[in-house]
Amino acid sequence: MDLSNLAVIIAAAACSPNPDERKAAEQSLDQIKHTPQHLIRVLQIVVDGGCDPAVRQAASIHFKNFIAKHWDPHSGDQSKILPSDKNVVRDQILVYVSQLPPILRVQMGECLKTLIYADYPEQWPHLLDWVKHNLQDQQVYGALFVLRIMSSKYEFKSDEDRAPIYRVVEETFPHLLNIFDKLVQIESPSLEVADHIKLICKIFWSCIYLELPRPLFVPNFFNAWMVLFLNILERPVPLEGQPEDPELRKSWGWWKTKKWVAHILNRLYTRFGDLKLQNPENKAFAQMFQTNYAAKILECHLKLLNVIRIGGYLPDRVINLILQYLSNSIPKNSMYTLLQPHLDVLLFEIIFPLMCFNDDDQVLWDEDPHEYVRKGYDIIEDLYSPRTASMDFVTELVRKRGKDNFPKFIQFIVGIFKRYGEAPLEQKPYRQKDGALLAVGTLCDKLRQTEPYKSELENMLVQHVFPEFSSPAGHLRAKAAWVAGQYANINFSDQTNFSKALHCVISGMRDPELPVRVDSVFALRSFIDACKNLDEIRPVLPQLLDEFFKLMNEVENEDLAFTLETIVYKFGEEISPYALGLCQNLASAFWKCVDTDNGDDEADDTGALAAVGCLRAISTILESISSLPHLYGQIEPYLLPIMRKMLTTDGQDVFEEVLEIVSYITTFSPTISLDMWSLWPLIMEALVDWAIDFFPNILVPLHNYISRGTEHYLTCKQPDYQQSLWNVISSLMANKNIDDSDLEPAPKLLGIVLQTCKGHVDQCMEPYLRITLDRLRGAEKSSFKCLLIEVVANAFYYNAPLTLGILQRLGFATDILTIWLHMLQEKKKNGAHANFKGEHDKKVCILGLTSILSLPAGQLPGEVLPHVFRALLELLVGYKDQLAEAAKAEEEEDEEDGDDDNMDDFETDDEDDEDDEENPDETDESKLRKLAAQAKDFRSYSDDDDEFSEDDYSDEELDSPIDEVDPFILFMDAVTAMQATDSLRFQSLRQTLDPHYEGLANNIAQHTEQRRAEILKEQLEKQASTTVLS
């Protein structure tokens, strides 16, 4: 097809107002897109300056999308683009990329990124040569553009994958330095010069992000770069051409170059210029950086900040980066010495004003309160915010250098409170009061543990915070709610003050200003956490929930859902009258968040995070009503659409939360409905296709389906759940590329089936055992081997003669018993058993081995029986001791729970791992507290961390038919039966026991009689209570 006809089709597919014409054009493109040279022709349209700009734009988008989908050989479509076409595209795109207008260059940049990430250096070895040549020729910008993409490929690569970028640095950085130097010397430079410098800075940033390339360790070479960076940092930005619009101004090229230089200097300072963080070979560089550059950069930064003190302009991001540098300088003695003379001006004339409510805040508050709220609670915004950086600076200053600065700063804040209180209403410094409240809230941890401030906190709140709940300035009402929330958990000497604040916060949820309502909800979470008497809230709970959901309909924010979680958790079953309405509202809010998140590809993660918050809140509600199973049937229909949609690939971001909801409903509903069973195929499909990382989460609902819906699991054929489970388990277990640790739930599932469906799945026994033994042969992780052996143990407990016959046919009977008994005997260096450490593991082994013991004489080789018997005795004693230890630990934990409240006043500063000389304010007492806390933390973990792995506990939480089986009684009944039916065999077995095992046997016999008596007593008590109730 010639270019003119192709251009017509592309234009019609993208721009035609006629749907039929547009659809026909799209179909034509689909038919020809894989023909030879199609990609080359599209690129020719993109670069044709005589073509209609709209057609060129449409062609560039088609080109970019095709490249993204079909270029990378890992996509499986590599054969659809001929190697010859790829070669032409690589060569031509380099020629034209710098000549295109910006709107098309963006699209081509994405294409180049795909090409370079896929092909360099293996399939595109001459690319670096092209870059080097053009750095010295007329296409400098194009070379920089390409080099930026090359460097970004390796920005986050670990050392072993960075070899190509080291070569790039060695061969291009001298040329870059030369270009940079020439650009800096240009008088009256144009904006194009700024764009070139910005690209050089971004290339440098990507190349040093994780590791400093070797050429930069050469002092003269590194110094040449630093001279240029400092030049850009110090020199005034040209006044001519600066946009008036604030949004355009901060993105202006010259401010962007200053931002990237500040970025680079921060990275060099914190990652490579800190002596404490460097390995020995890099310490010389760190020392050189501290000696030659750190102070000079600090001086430049202070001069830049002085610009805003006198009313000049600096972009927010530049201010943020400068304050980060200053914060990192506080702990370093030499740098703090340089900073100290400037601290008063810096703290009170620059940083504090940045903390205050300003004109931009007011405009956003008035014109777009939703955006004001979003920015205030967006952690990404914090990365760019001068206010957040100012708060961080103050926090670091009082934490590391508090002796000199904390009292002075608090005195300054108190002075603002005083001036505000004395000023007439029309002259009150509302914005300064806002900054002072922000400071007080930011320093809450320090103030709560430092005298004399700690004793005055309640008075401070009453005098200076609570009155602002009724301030005419909305931002002060919001800040009062936030500060009150920060201090909600202090010990109020007068509980009426707590109550007053609580009710002010609740009233704030009805404030006419949206940001006040939002801050009030977040503060409410802290007050509910701290509330000792829920009667304060009970009377207004219905209205509170109504206001809450009105706000959720207005604002998408995960913290709203977290507050609801706190309410539900605190009130527990009391929330049941509202459970249905809460879940309905949360489901609606969830769909709204999902729709918002899907509707804007450029949006941040606010909607997604809020969606997760909604699901977490639903789970908390479902947990709180677990003793009211009838409610689940009412709630289920409102949650089913979420579960059905989000158990597919559409729900990968919330898969874990949705599985938790499925788990609650399948656990606590009176029965598992057919609608809930319809989720089984979705879960299985996800597990096979992409959700292997969620296998432990999937285990819980699958266990519920099998154990609580056993009859349906066994009898239903459309779909066939047994076959479905086998298909998935056999596929996963046979896949040698899946790590043992990822597969641990698979043998657990097999065990669940064998325990739950005893006597009903004989046909599954051989395939279950076969796949288990196959996986055991290559298993490396001991915990996984234990789980595989437990499948065999469960099989013996299910039907010992059947299991033994299958193992014998497979030729593995003797081997599996040998492996099992050996694993039972394995010990760690400390003498503890290496395998089958959990209560559940031991019990499964006991049931399996006892079943072997019960096999008729002749089915098992005589020499095996004594080993099985001795292993059983050791297991039973170990199991008994473990149960006793767990009971004792639970009793001690219950006793200690009452002591937790006494620890509230024992708080320590957050400390860094700085040397004592870098933290001069730290007292001997605080050092002792730190050491005591660290020692306590260390004692909390034994050398054998896996002794208390999650798996040991998770199995205990899953109900099983074997829970009702007493292993001691089962064992003694088996021994008694052998004694009665085959006394010769019994006597022979007993004669093999030495005094040690005789003692174990007597111990178990005595304990079994105790267990029989305890069980009989429990049964009689249960019968008595049943009689009384009837």
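## The second largest cavity

In this predicted model, the second largest cavity is lined by K33, H34, T35, P36, H38, L39, F66, K80, I81, L82 and D85. Its volume is about 70 Å³. The lining residues comprise 5 nonpolar, 3 polar and 3 charged ones. In total, the structure contains 2 cavities of 30 Å³ or more. Rolling a probe the size of a water molecule over the atoms reveals where empty space remains.

Q37 is placed in the loop that runs between α2 (19-32) and α3 (38-47). Several of the residues that line the second largest cavity, including K33, H34, T35 and P36, have numbers that fall between the ends of these two helices. Q37 has a phi near 70°, a positive value in a residue that is not glycine. With a relative accessible area of 43%, Q37 is partly exposed.

## The chain as a whole

The chain contains 51 helices and 0 strands. Its C-alpha trace extends over about 110 × 85 × 65 Å along the principal axes. Of the 1030 residues in the chain, 50% are buried.

Contacts in the chain can also be described by sequence separation. Among those with a separation of 6 or more, 74% are between residues 24 or more positions apart.

## Two helices and their burial

Helix α14 covers residues 280-309 and includes H301. The relative accessible area of H301 is 0%, so this residue counts as buried. Beyond its neighbours within four places in sequence, H301 is in contact with L233, N266, I322, Y325 and L326.

Helix α42 is formed by residues 782-798. How far apart should the ends of this helix be, given its 17 residues at 1.5 Å a residue? The expected span is 24 Å, because the rise is counted over one less than the number of residues. The end C-alpha atoms of α42 are 24 Å apart, in agreement with that expectation. Most of α42 is covered, with 14 of its 17 residues buried.

## Unusual backbone geometry

Two cis peptide bonds that precede a proline may be described together. The bond from E451 to P452 is cis, and its omega is near 5°. P452 belongs to the loop between α24 (444-449) and α25 (453-465). Q718 and P719 are likewise joined by a cis peptide bond, with omega about 0°. P719 is located in the loop between α38 (710-715) and α39 (721-734).

A positive phi also occurs at S188, where the value is about 50° although the residue is not a glycine. S188 is part of the loop between α9 (163-184) and α10 (191-208). Is S188 buried or exposed? Its relative accessibility is 72%, and exposed means over 50%, so S188 counts as exposed.

## S724 in helix α39

Helix α39, which begins after the loop containing P719, includes S724. S724 counts as buried, because its relative accessibility of 17% is under the 20% limit. Apart from its neighbours within four places in sequence, S724 is in contact with W680 and M684.

S724 may also be compared with E685 in position. The two residues are 39 residues apart in sequence, and their C-alpha atoms are 9.7 Å apart in space.

## Cysteines and disulfides

A disulfide is a covalent bond that links the sulfur atoms of two cysteines. How many disulfides does the chain have by the distance rule? The count is 0. The rule asks for two cysteine sulfur atoms within 2.5 Å of each other.

Two cysteines illustrate this result. For C531, the closest cysteine sulfur belongs to C504 and is 15 Å away, so the pair is too far apart for a bond. For C786, the closest cysteine sulfur is that of C845, at 7.5 Å, which is also too far for a bond. Both of these cysteines are covered by the buried class: C531 has a relative accessibility of 5%, and C786 has one of 6%. The number of C786 also places this cysteine within the range of helix α42, residues 782-798.

Conventions
Residues numbered from 1 in each chain as written. Predicted model: local features only at pLDDT ≥ 70, side-chain atom pairs only at ≥ 80, totals over all residues. Heavy atoms only, no water. 1 Å grid on protein atoms, 1.4 Å probe; cavity = no way out; pocket = protein on both sides within 12 Å on 5 of 7 lines; lining within 4 Å. Points joined across faces, edges and corners; volume = space filled by probe spheres on them. Nonpolar A, V, L, I, M, F, W, Y, C, P; charged D, E, K, R; others polar. Helix = DSSP H or I, 4+ residues; strand = E, 2+ residues; numbered from the N terminus. Buried < 20%, exposed > 50% of the residue type's maximum accessible area, 1.4 Å probe, protein only. Contact = heavy atoms within 4.5 Å.
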